[in-house]
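Here is a short briefing for a first look at this structure. Keep the sequence and the 3D view open while reading.

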Amino acid sequence: MIWINQLFFRQAVFLIFLLFLGFLSAQDITLNYKTQFNQSATGVYHQLQMADNWSEWKFIGQEKAVIDDEEDNAVILRTSGKKRNFYKKATSVYYQENLFGRLIDVYDQPFFDWQLQAKQDTINGFACQWATTHFRGRDYEACFSWEIPVSEGPWKFQGLPGLIVQVKSLDHYVQYTLVQIEPNANQDWVESAAKYADQNFREFGEFEELFIRVWDRRISQLRAENIDNQGSEHLRIETIEVIYPALSTGLGVEL
């Protein structure tokens, strides 16, 4: 394993790049990202594997468990996305969503309208250029490296002329940062990805509608249980994609 951080010299990064140039050209590498929510110093770690035009995004560990929290009389629910199928091929994404314990297979073709910026930076030893976009309720800026000519990135992010080294929402809700790069030693998952993609999926738009219906039912149930204190409590959920704005902004919805 080769760990990349700000303490490494620039020359070492070039050596790493040259060492893995063969893997990069074949899109045959493994990348680890640190995922942080709400500017927390700790985070969870996800792995992006690439091989045979497929990529797999998966949870690999966490520094500290993300737990439910209470503030301003609002219940905040956070999802980690771990232990679920999540595969990408070109602009298509095949993955599972967990909706109240029910795993739902979703097919998505996310579109990122990237706007390249003149601003440049160095993150974990990689010279990169910033770009911005708006995606499903949040504004983002991403720093991509021309040194790694792979149009890939963490989670659903992709579509830039180089690997996304860091991407963060401007409201500070989520940030992904590349921390590790290594050759892809295990490609058994590629067959699993192809088999998984060959089944029935809900389009993302269908999942959005289901998400809202299910949460509307849940809100009605909670309001019925909370009839003596109606309006004195709120429910708010946090998801990367803002599917139900009233439930994900401010204090959320009144119960």
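Strand 7 (residues 86-89) and strand 8 pair in the antiparallel sense, over 4 bridges. The model is predicted. The protein chain has 5 helices and 17 strands. Start with strand 8, then move on to the disulfide, the rings and one buried asparagine.

**Strand 8 and its neighbours**

- Strand 8 spans residues 92-99 and is mostly covered, with 7 of its 8 residues buried.
- On the strand 7 side, Lys88 has Val93 of strand 8 as its bridge partner.
- Strand 7 and strand 8 form a hairpin with 2 residues between the strands. Ala90 in this hairpin takes a positive phi near 55 degrees.
- Strand 8 also runs antiparallel to strand 9, and 7 bridges join the two.
- Here Leu99 has Arg102, in strand 9, as its bridge partner.
- Strand 8 and strand 9 form a hairpin too, with 2 residues between them. Phe100 in that turn has a positive phi of about 55 degrees.
- As general background, side chains in a regular strand alternate between the two faces of the sheet.

**The chain as a whole**

- The protein chain has 255 residues, and buried residues make up 49% of them.
- The chain exposes about 13,000 Å². Carbon and sulfur atoms supply 50% of that area.
- Take the contacts with a separation of 6 or more: residues 24 or more positions apart account for 54% of them.

**The disulfide**

- The structure holds 1 disulfide. This disulfide joins Cys128 to Cys143, with an S to S distance of 2.2 Å.
- The disulfide is right-handed, because the torsion about the S-S bond of Cys128 and Cys143 is about 90 degrees.
- Cys128 lies in strand 11 (residues 126-135) and Cys143 in strand 12 (residues 138-145), so the pair ties together parts that are 15 residues apart in sequence.
- Both Cys128 and Cys143 are buried.

**Aromatic rings**

- The structure holds 23 aromatic pairs.
- One of them is Phe112 with Phe157. The ring centres of Phe112 and Phe157 are 5.3 Å apart and the planes lie at 35 degrees, so the pair is tilted.
- Phe112 sits in the loop between strand 9 (102-108) and strand 10 (115-123), and Phe157 in the loop between strand 12 and strand 13 (163-169), so the pair ties together parts that are 45 residues apart in sequence.
- Phe112 and Phe157 are both buried.
- Phe112 and Phe157 also belong to one aromatic cluster. Its other members are Tyr33, Trp57, Trp114, Phe135, Tyr140, Trp155 and Tyr176.

**Charges over rings**

- Lys119 lies over the face of Trp130, at 4.9 Å from the ring centre.
- Arg136 lies over the face of Phe204, at 3.8 Å from the ring centre.

**Asn32**

- Asn32 lies in strand 2 (residues 29-37).
- Is Asn32 buried or exposed? Asn32 counts as buried because its relative accessibility is 5%, and buried means under 20%.
- Leaving out residues up to four places away in sequence, Asn32 touches His46, Gln47, Ile60, Thr177, Leu178, Val179, Gln180 and Glu182.
- The C-alpha atoms of Asn32 and Gln49 are separated by 8.6 Å. Asn32 and Gln49 are 17 residues apart along the chain.

Key. Residues numbered from 1 in each chain as written. Predicted model: local features only at pLDDT ≥ 70, side-chain atom pairs only at ≥ 80, totals over all residues. Heavy atoms only, no water. Buried < 20%, exposed > 50% of the residue type's maximum accessible area, 1.4 Å probe, protein only. Contact = heavy atoms within 4.5 Å. Areas by Shrake-Rupley, 256 points an atom, 1.4 Å probe, with all protein chains shown as cover. Disulfide = S-S within 2.5 Å. Phe/Tyr/Trp six-rings, centres within 6.5 Å; stacked < 30°, edge-to-face > 60°. Lys NZ or Arg CZ within 6 Å of the ring centre and 35° of its normal. Pairing = 2+ DSSP bridges.
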